[in-house]
Amino acid sequence: MPIADGVAVTSRDISARKHDELALQDNRSFLQSLIDHLPVLVYVKSARPENFGRMEVWNKAAEDITGHLAADVIGKTDCLAFPPDFGLHDAEDDRAILAERGVIDHTEKPLRLADGSLRYLRAVSVPVFDERQQIEHILCIAEDISQRRQQELELRQKQAELAAVNDASPLGLVRLDHQRRCTYVNRTFEAITGLPRAAALGAGWTSALHPDDYPLMHVALEQLTRSHAPFQSTLRCLQRDGRLVWVSVKIAPILIDGRIDGYVGSLDDITTLRESEVALLESEARLRTIADTLPAMIAYIDADQVYRFLNIAYEREFGLTGQQALGKSVRDTVGEARYGTVAPYIERVLAGETLSFEEEDEKEGIERCMEVIYIPQIGEDRLQVVGFHVMRQDITVQKREKQRLLKLAQVDVLTGLSNRAGFQQKLSDAMHASRRQRHLMAVMYMDIDRFKPVNDTHGHGTGDALLRAFAQRLTQTMRATDIVARLGGDEFTIIMEQIARPDDAAVLAEKIVVAMRQPFELDGITVRISASIGLAFYRDEDISPAVLLQRADVLLYQAKQDGRNTYRAGALTA
């Protein structure tokens with residue numbers, strides 16, 4: 001320092017202090033470098049009243065996370081450095097630190113950036129005290145957990161989706177650890193077993209099994225542990241209310257590097273299916289019993305013409321057993337000759353047509369008539385015939401009885417001749433044969449002259465006796481091949497087939513007229529009558545039986561008009 005006659009110089013050793021300053025500077029540089037290179041956001045702001053909120057530290061991670069540079073932040077208060085809604089500027093947190101003088105931990109603090117995007121921080125605010133235990137600074141350390149949060153959210157979403165899928169599954173699902181202790185079951189498992197999830201965890205899941213089936217599960221798991229091969233079986237679950245549930249169980253090991261790390265299993269409720277199968281078997285047994293009891297022969301043949309079912313009657317008929325016939329074709333079973341007869345019917349029924357027909361055959365020297373019904377079996381698609389049912393029944397007795405009744409229905413009770421119904425059928429057959437063979441035939445239509453006076457004079461008893469005697473004499477007069485019928489009252493008809501010429505029929509007509517002139521002796525009463533006849537011819541003409549009979553009737557009327565006791569013949573139509 002200057003003095004009157006020169007300069008005074010003093011000196012002092014400040015090495016220690018300089019050393020401390022340099023050390024402090026080095027420490028600050030080290031701390032600043034450390035703070036700047038930390039992967040977490042670090043900032044320090046003043047908590048002194050005269051400059052509360054002034055930012056004093058803002059590291060590189062803070063710049064990267066928030067987009068705010070240290071040069072724009074340090075030296076400014078947080079109110080000026082950041083927008084009002086900035087997450088790290090939180091007046092409520094500041095008041096809480098000052099009041100409670102403790103650490104504030106935010107596990108998830110939202111941070112809205114300048115570009116509008118939202119990030120999440122795990123932030124810890126710590127008060128820093130001076131030597132008087134006054135809060136001098138507030139230190140905040142924050143970690144950007146946005147990516148981890150997103151990953152955790154996605155993981156939770158996937159877990160929720162997986163849980164929803166598992167719970168929506170129609171299968172009950174169970175996971176066991178390597179000690180076979182349950183770690184997870186889905187809701188379907190709870191519904192199938194009636195066991196709540198909490199009760200199923202650990203060793204509780206086995207309590208869902210029927211006591212008699214538990215040993216089977218235990219043995220299967222032991223074997224699975226040794227072989228690593230999946231296990232599958234049908235077991236029973238016994239619910240707490242006593243209801244029995246049949247389940248199809250599948251269990252497979254979770255293998256990691258060849259070592260079992262656990263097990264996964266599924267339970268499928270097959271109670272309804274099993275009950276349906278049992279009901280189906282019972283129904284099939286009942287149907288088999290019914291089919292075997294029926295006197296009819298019943299079979300089912302598929303679209304390939306292979307026997308799939310035969311009842312006992314069918315087996316007995318063909319001398320077969322079910323084992324010999326089932327799986328064999330119709331051709332191999334019945335032989336070529338028989339197959340040639342039924343093949344056209346099989347072709348029609350496989351085309352979708354229901355058939356009913358009769359077969360004539362012989363068994364043990366006895367002629368039989370069989371009624372056969374083919375019924376097509378339509379597939380589930382309603383488009384294709386997958387096979388057909390066969391019903392074959394011996395109707396020989398019924399056929400003969402029907403023929404007997406039909407014959408009775410066509411016979412006149414009084415005279416024993418054919419009645420009107422029988423005559424019409426026989427006339428139709430005769431005309432068909434005549435047309436086919438081109439032979440000449442004739443029809444006579446006649447009645448008894450003066451029949452009513454006999455009835456009125458001697459009574460109906462004598463009239464009936466006269467009709468019987470007339471019929472007998474008429475039959476004796478005609479050829480053996482001629483068909484004589486009584487249409488009703490005193491009207492009679494004759495069908496003459498295969499006559500050589502019209503004159504032959506005329507001769508017979510005259511013979512009848514002459515024969516009927518002879519008196520009839522009826523129980524002491526002598527009756528004299530005569531006959532009038534109309535004679536019509538037919539050969540290869542397109543007319544009905546009614547028209548031909550009408551022609552004969554017209555000729556009969558002419559004979560009566562000409563004085564009765566005669567016949568009139570029509571001309572042969574070309």
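Gln498 is found in strand E20 of this predicted model. The phi angle of Gln498 is near 50 degrees, a positive value in a residue other than glycine. Most residues other than glycine have a negative phi. Gln498 counts as exposed because its relative accessibility is 52% and the cut-off for that class is over 50%.

A positive phi also occurs at Arg101, where the angle is near 55 degrees. Arg101 does not belong to a strand or helix but to the loop between helix H5 (91-100) and strand E5 (104-112). With a relative accessible area of 38%, Arg101 is partly exposed.

Strand E20, which carries Gln498, also contributes to the largest nonpolar core. This core has 36 residues, and Met444 and Phe470 are the members that touch the most others. At least two residues each come from strand E18 (440-449), helix H17 (451-458), helix H18 (460-477), strand E20 (491-499), helix H19 (502-515), strand E21 (520-522) and strand E23 (530-538). Among these elements, H18 gives the most, with seven residues. Nonpolar side chains tend to be buried together in soluble globular proteins.

The surroundings of Met444 show how these elements meet. Beyond residues up to four places away in sequence, Met444 touches Met478, Phe492, Thr493, Ile494, Met496, Ala505, Leu508, Ala509, Ile512, Ile533, Gly534 and Leu535. Apart from this core lies another, of 25 residues, which includes Leu209, Ala220, Leu221 and Val245.

Ser248 offers a polar example elsewhere in the chain. Ser248 is found in strand E11 (residues 244-256). Its relative accessible area is 16%, so Ser248 is buried, the limit for that class being under 20%. Leaving aside neighbours within four places in sequence, the contacts of Ser248 are Gln232, Ser233, Ser266, Leu267, Asp268 and Ile270.

The view may now widen to the whole protein, which has 20 helices and 24 strands. Its radius of gyration is 59 Å, whereas a compact globule of 574 residues would have a value near 25 Å. Along the principal axes, the C-alpha atoms fill a box of roughly 210 × 55 × 45 Å. Buried residues make up 39% of the 574. Of the contacts with a separation of 6 or more, 48% join residues 24 or more positions apart.

At the surface, the protein exposes about 33600 Å², of which carbon and sulfur atoms supply 53%. There are 69 positive and 85 negative side chains, and the centres of these two sets lie 7 Å apart.

Conventions: Residues are numbered from 1 along each chain as its sequence is written. This is a predicted model: local features need pLDDT of at least 70, side-chain atom pairs count only at pLDDT 80 or more; totals for chains, interfaces and linings use all residues. Side-chain values use heavy atoms; hydrogens and water are left out. Helices (H or I, at least four residues) and strands (E, at least two) are DSSP runs, numbered from the N terminus. The radius of gyration is taken over C-alpha atoms; the globule rule is 2.2 Å times the number of residues to the power 0.38. Buried means under 20% relative accessible area, exposed over 50%, partly exposed in between (1.4 Å probe, protein chains only). Contact means heavy atoms within 4.5 Å. Accessible areas come from the Shrake-Rupley method with a 1.4 Å probe; for residues, only the protein chains shown count as cover. Lys and Arg count as positive and Asp and Glu as negative; His and the chain ends are not counted. The place of a charge is taken as NZ of Lys, CZ of Arg, CG of Asp or CD of Glu. A nonpolar core is a set of buried Ala, Val, Leu, Ile, Met, Phe, Trp, Tyr and Cys residues joined through side-chain atoms within 4.5 Å.
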